Amino acid sequence: MWVRKRESPAYLLLVLAIACTGLVYLQCSLPESRDYQQSADIDFHSVSVNATQNHSALSQHTTVKLPAGFALIPSAEERPLKQKAVITLLLSSDTKEGSMDFYSIGAILHTFLFNHYPATKFTKAEASDTEFAVMVTPMIPSTVRDALLDVGARLIVVPVLVLQDWDSVFPHFQYVMTKLRVFQLEAVYSSILFVDADVFYLHTNPVSGLWKYLEAHEANPDTRDTPFFGASPDPCKPTINSGMFLVRPSIAHFNDMVRLAVTPPYNEYVDQTAIHFYYANMTGMTHFPEIYNHFPYAYCKRKDMNTTAVGYHHKFWNHVWVDAPLFSLWQRPMAALRQWQVSRNLSTALVPVVPKNRTEWLQISDSGVMMHRVALFSIELGRGKEIELRRRDEFAGLHAQAVHVRQGDIPKESPRSSVAFLEALRFAGSHLLVNYDWVFILDHRAVVVRNAHMHAHLGTIAKLTEALGVYRDCSDTAVAGFWIGRKALAQIKQIVADLDRIWDDQSVGAYSSKLTDDNVWEFVAQAFAESMVQLPNLQRKLE
C-alpha cells in the first residue's frame, strides 16, 4: 500500500521499506454454532410427514425423510428442495472460529459460481429443478456455515463416517469416506453431481453437458433399468477419479460400499477405489470426457487442455503450481465474489482479496491477515479535495480490499468535532473497530496510490504490532497515517473518554489550552508508548 504526503510544490519523496511486502511512499514538504448428532446409523427417521418419493413428477418438494443424524439448513419447509443437486463436501477444518481454510473458501466460491457468477450460474431452466448444496460435518465452524448460507448454499449436515481401522491405514484421509453419504440422499434428490471443493468450473457450467449422459442412459432400453454412475478417468491411476461424479443416489449402494470398502481392492485408495470397483462391472458405468475433470499439473500425464477444459481439478491458491493464464481463470471469479460480498455489507467472513499479480497474491496468502476486514478512514479533507477522495474510493475499492469512510459523511457525535483527529478516534472506537479488524486512518494531506494492496503490507505490520502502527512525515513531528488493530479497541475508547474530560476541564496540566490535533496525537502516543510501532525507517529520495 502506498501513501504520499504533500504540502507545497517543493517536496521530497520519502521511501518507507516494509520488509518482504513492498514499499510505502510518503511525499512530504521540507520541514453461531449448532451441535448435531454424529451417528453412523443409516436407519431412516421422519423429519416431515407425507414424504414424497416421486422425483420424476415433482421438481420441488417440501417434505422428505432423512437418514439419522442428517439435517437440512434451510429446511425443506423453509426452502423447497429441487429435484437435482450439485453438491460439494467439507469434512473438517483446522482453522479457529472466525477464519477459514482454503477448502472452505473453495466451497464458497463453488456456491457463488453456480448461483451468481454470470458465466457459470444455473440458467433459468436449470435453476427450476437444480440447486447447489454443501454437505458439511458438525466439525465445520459457524464462520464457514454462515458464509455459505449468505451466498445461497443449502447445507446438508451429515455425521462423520469413519470405517474400522481406516485412520491407521490412511491417517491423512480419516474422514474422507464421509463422501459416501452422498449416496444416502436417495429420498432427497433424484440425481446428484458431486464435485470436490478443489474442482472448479470457472467459465462454463457443466450441468447440461453432464446430465445429457444420464438422460441418454435412461432413454436407452438396454440401460434404462440399470444404475447410472458417471465420472472422468483418473490421469494417474487405472480408475475413475472420484473428485467429480454424477449418480442417482441409492441407500442400497451406500450400504454395499460401506461393507466392501474395508476389503481389497475396494480399500486400495480411500473412497475412489471403493466407488470405482463397486460400479466398474455395472452397465451404467459411464466415462465422462477428461475436460470435465482436468488436472492441469498431473505428475504422470499432463495434457495441454488448459484452454479447452471445463472443470479444473487444482488447488489454485497454491502459488507454486499455477501459471499466469490459469491463475487468471481463478482470480476473476474470486475477485467478483469478494466484491459481491462487500457490496451486500455481509457480516459473515469474506473471502480474501486476490489481486491479478501472483506475487502479490503470495504476499497476501502468506500474510496471516488475509481474512481480516479493513476500513479506510479519511480525516476531513476540506474543499478542493474531490480528486483525492475519488482516488481513495478507488484505492479501497481495489478488489474490494476495504470500505472507505469519509469523516465528512459521518454524523457529528460531540461538540468537540472541530478536533478532527479526536473525532476520527471516537468513530473508530464506537463503530469501525467493532466491525473491522483494522482501521487505516489517513491524514488529510496524504495522497494514495490506487493500485496497491493493503493486505500484502498489513501482514508485516501485524507482525510488528496488534495495536498501533504509525507512518510519520518527513520531520518526524506529524503523523501521515496510522493503523489501529481491533485489540486496541478498549484503549481507544479510554483515550477518547480521557480527552473528553480534558476538553471539559481546560485546567489540566499541559493540556490547559484548547485541544488540537497535535496534542491529541501526543496524548495517543503516550497512551500507546509500549505497543506503538513506528513503521520502518524512512529514507529521503528526490522525486
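Mentor: Let's begin with a word we will need often: buried means under 20% relative accessible area, exposed means over 50%, and partly exposed lies in between (1.4 Å probe, protein chains only). The model is predicted, so to speak of local features we need pLDDT of at least 70, and side-chain atom pairs count only at pLDDT 80 or more, while totals for chains, interfaces and linings use all residues. Residues are numbered from 1 along each chain as its sequence is written, and side-chain values use heavy atoms, leaving out hydrogens and water.

Trainee: What makes both faces of strand β11 covered?

Mentor: Arg154 and Ile156 on one side of β11 (residues 154-157) are buried, and so are Leu155 and Val157 on the other. Helices (H or I, at least four residues) and strands (E, at least two) are DSSP runs, numbered from the N terminus.

Trainee: How do you know that β10 and β11 pair, and in which sense?

Mentor: Two strands pair if DSSP finds at least two bridges between them. β10 (residues 130-136) and β11 share four bridges, so they pass that test, in the parallel sense. One of the partners is Val157 in β11, matched with Val136. Strand β7 (residues 71-73) runs antiparallel to β11, with three bridges, and there Ile73 is partnered with Leu155.

Trainee: What makes the β-α-β unit of β10, helix α3 and β11 right-handed or left-handed?

Mentor: A crossover is right-handed if, with the strands pointing away from the viewer, the path from the first strand over the helix to the second runs clockwise. The unit formed by β10, α3 (residues 142-150) and β11 is right-handed.

Trainee: Why is Ile105 called buried or exposed?

Mentor: Ile105 has 2% relative accessibility, and the limit is under 20%, so Ile105 counts as buried. Ile105 is found in helix α1. Contact means heavy atoms within 4.5 Å, and leaving out residues up to four places away in sequence, Ile105 touches Met100, Met334, Val351, Pro352, Met370 and Met371.

Trainee: What makes a set of residues a nonpolar core?

Mentor: The members are buried Ala, Val, Leu, Ile, Met, Phe, Trp, Tyr and Cys residues joined through side-chain atoms within 4.5 Å. The largest core here has 64 residues, of which Val86, Leu90, Val134, Leu148, Trp330 and Trp361 touch the most other members. Helix α1 (residues 102-115) gives the most to this core, eight residues. Another core lies apart from it, with 43 residues, among them Leu81, Ala85, Val158 and Phe229.

Trainee: Why is the aromatic pair of Phe316 and Trp330 called what it is?

Mentor: Rings of Phe, Tyr and Trp (its six-membered ring) pair if their centres lie within 6.5 Å; planes under 30 degrees apart count as stacked, over 60 as edge-to-face and the rest as tilted. Phe316 and Trp330 are 6.3 Å centre to centre with 10° between the planes, so they meet the distance limit and are stacked. Both Phe316 and Trp330 are buried.

Trainee: And how do you know which kind of pair Trp330 and Trp361 form?

Mentor: Their centres are 5.6 Å apart and their planes stand at 65°, so this pair is edge-to-face. Trp330 is in helix α8 and Trp361 in helix α9 (residues 358-365), 31 residues apart.

Trainee: What makes the charged end of Lys84 sit over the ring of Trp211?

Mentor: The rule asks for NZ of Lys or CZ of Arg within 6 Å of the ring centre and within 35 degrees of the ring normal. The charged end of Lys84 sits over the Trp211 ring, 4.8 Å from its centre.
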